[in-house]
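Biologist: I am new to this structure. Please pick one part, look at it closely, and then show me how the rest of the picture connects to it.

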Amino acid sequence: MSSAQDPFYIVKEEIQESIDKLQSSFQQWERIPPDTGERVNLSNDLVASCESIQWQVDELDKAIAVAARDPAWYGIDEVELEKRRRWTGTARTRVGNVKKVVIAGKENGNSASAMHRELMRLPNSHQPDRSNQYYDQDNDDFIASESDRQMLLIKQQDEELDELSASVQRIGGVGLTIHEELLAQEKIIDELGSEMESTSNRLDFVQKKVAMVMKKAGAKGQIMMILFLLVLFIILFILVFFT
């Protein structure tokens with residue numbers, strides 16, 4: 001994702017512009033004589049601006065923490081994450097310094113030169129002024145977008161788990177059907193074995209009867225039986241192949 005399209009850099013630009021405006025207001029505050037109503041009012045405005053910027057930086061840190069959970073999903077790496085953390089840390093520190101100087105000026109009347117030295121720690125920016133009235137909406141949209149992506153990822157994972165569960169159930173049904181088929185096959189094989197055993201017993205009985213008949217008939221009877229069977233075979237052969 002390019003910097004122009006990355007929500008982080010959009011929000012960062014808004015915060016940087018707020019810091020630039022804070023610097024300009026501080027310079028104006030610095031030129032106002034102490035113990036005047038205008039300076040007191042501007043001091044309150046500066047403190048409120050510092051607190052607003054600090055809140056914005058905190059929200060940006062939360063967005064960075066969300067992106068750090070799965071950097072590949074957002075198209076960034078650890079180097080970029082560390083760079084973003086350093087920027088927010090620096091911005092928070094410098095805005096905090098300005099806040100301390102203004103509060104100290106209100107309470108203790110610190111010199112303008114000391115305040116100016118603290119101000120010099122703020123980052124300089126040559127970017128054109130822009131209104132930050134849309135910052136809150138942009139920041140909320142960024143956080144909501146990250147949250148929506150996480151919810152979408154969780155939803156996709158749930159759908160994949162549901163599909164996997166359905167596949168396992170189908171496989172279980174197929175396995176049960178195969179088991180039932182195997183039991184049916186085993187039953188058929190057992191029945192076939194029983195029939196073969198019965199047929200074998202009957203065949204043994206017939207063979208014994210034939211042996212007894214052949215034994216009683218003697219040699220002449222056996223010859224007559226062979227001739228009879230031969231004639232019967234010839235007749236059957238003629239009926240099958242010549243009719």
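Modeller: Ala-48 is partly exposed, with a relative accessible area of 43%. That value falls between the limits of 20% for buried and 50% for exposed, so Ala-48 belongs to neither of those two classes. Keep in mind that this is a predicted model. Ala-48 sits in helix α2, which runs over residues 37-69. Now look across from Ala-48 to Lys-99. These two residues are 51 places apart in sequence. In space, their C-alpha atoms are 9.0 Å apart.

Stay with α2 and turn to the second largest pocket. Helix α2 gives the largest share of this pocket's lining, with 7 residues. Helix α1, residues 7-31, takes part as well: α1 and α2 each supply at least two lining residues. In total, 12 residues line the pocket. Nearest its centre lie Ser-18, Lys-21, Leu-22, Ser-25 and Ser-49. By class, the lining holds 6 polar, 4 nonpolar and 2 charged residues. The volume of the pocket is about 150 Å³.

Next, follow α1. Gln-23 has its place in this helix. Gln-23 counts as buried because its relative accessibility, 13%, is under the 20% cut-off. Gln-23 can also be paired with a residue much further along the chain, Val-95. The two are 72 residues apart in sequence. Their C-alpha atoms are separated by 9.6 Å.

Now move to helix α4, which covers residues 78-108. Two of its residues deserve a look, Thr-88 and Arg-84. Thr-88 is at 1% relative accessibility, so it counts as buried. Leaving aside residues up to four places away in sequence, Thr-88 touches Val-57, Leu-60, Asp-61 and Ile-64. Arg-84 carries a charged side chain, yet it is buried as well, because its relative accessibility is 6%, under the 20% limit. With the same sequence neighbours left out, Arg-84 touches Asp-6, Phe-8, Tyr-9, Ile-64 and Ile-76. Ile-64 is thus a contact of Thr-88 and also of Arg-84.

Rings come next. Arg-39 lies over the face of Trp-29, at 4.0 Å from the ring centre. The model has 4 aromatic pairs. Ring pairs link Phe-233, Phe-237 and Phe-241 into a cluster.

Last, step back to the whole chain. There are 6 helices and 0 strands. Read along the sequence, the pattern is α-α-α-α-α-α. The chain has 243 residues, and 24% of them count as buried. Gln-23, Thr-88 and Arg-84 count as buried, whereas Ala-48 is partly exposed. Finally, take the contacts between residues at least 6 apart in sequence: 76% of these join residues at least 24 apart.

Key: Residues numbered from 1 in each chain as written. Predicted model: local features only at pLDDT ≥ 70, side-chain atom pairs only at ≥ 80, totals over all residues. Heavy atoms only, no water. Phe/Tyr/Trp six-rings, centres within 6.5 Å; stacked < 30°, edge-to-face > 60°. Lys NZ or Arg CZ within 6 Å of the ring centre and 35° of its normal. 1 Å grid on protein atoms, 1.4 Å probe; cavity = no way out; pocket = protein on both sides within 12 Å on 5 of 7 lines; lining within 4 Å. Points joined across faces, edges and corners; volume = space filled by probe spheres on them. Helix = DSSP H or I, 4+ residues; strand = E, 2+ residues; numbered from the N terminus. Buried < 20%, exposed > 50% of the residue type's maximum accessible area, 1.4 Å probe, protein only. Contact = heavy atoms within 4.5 Å.
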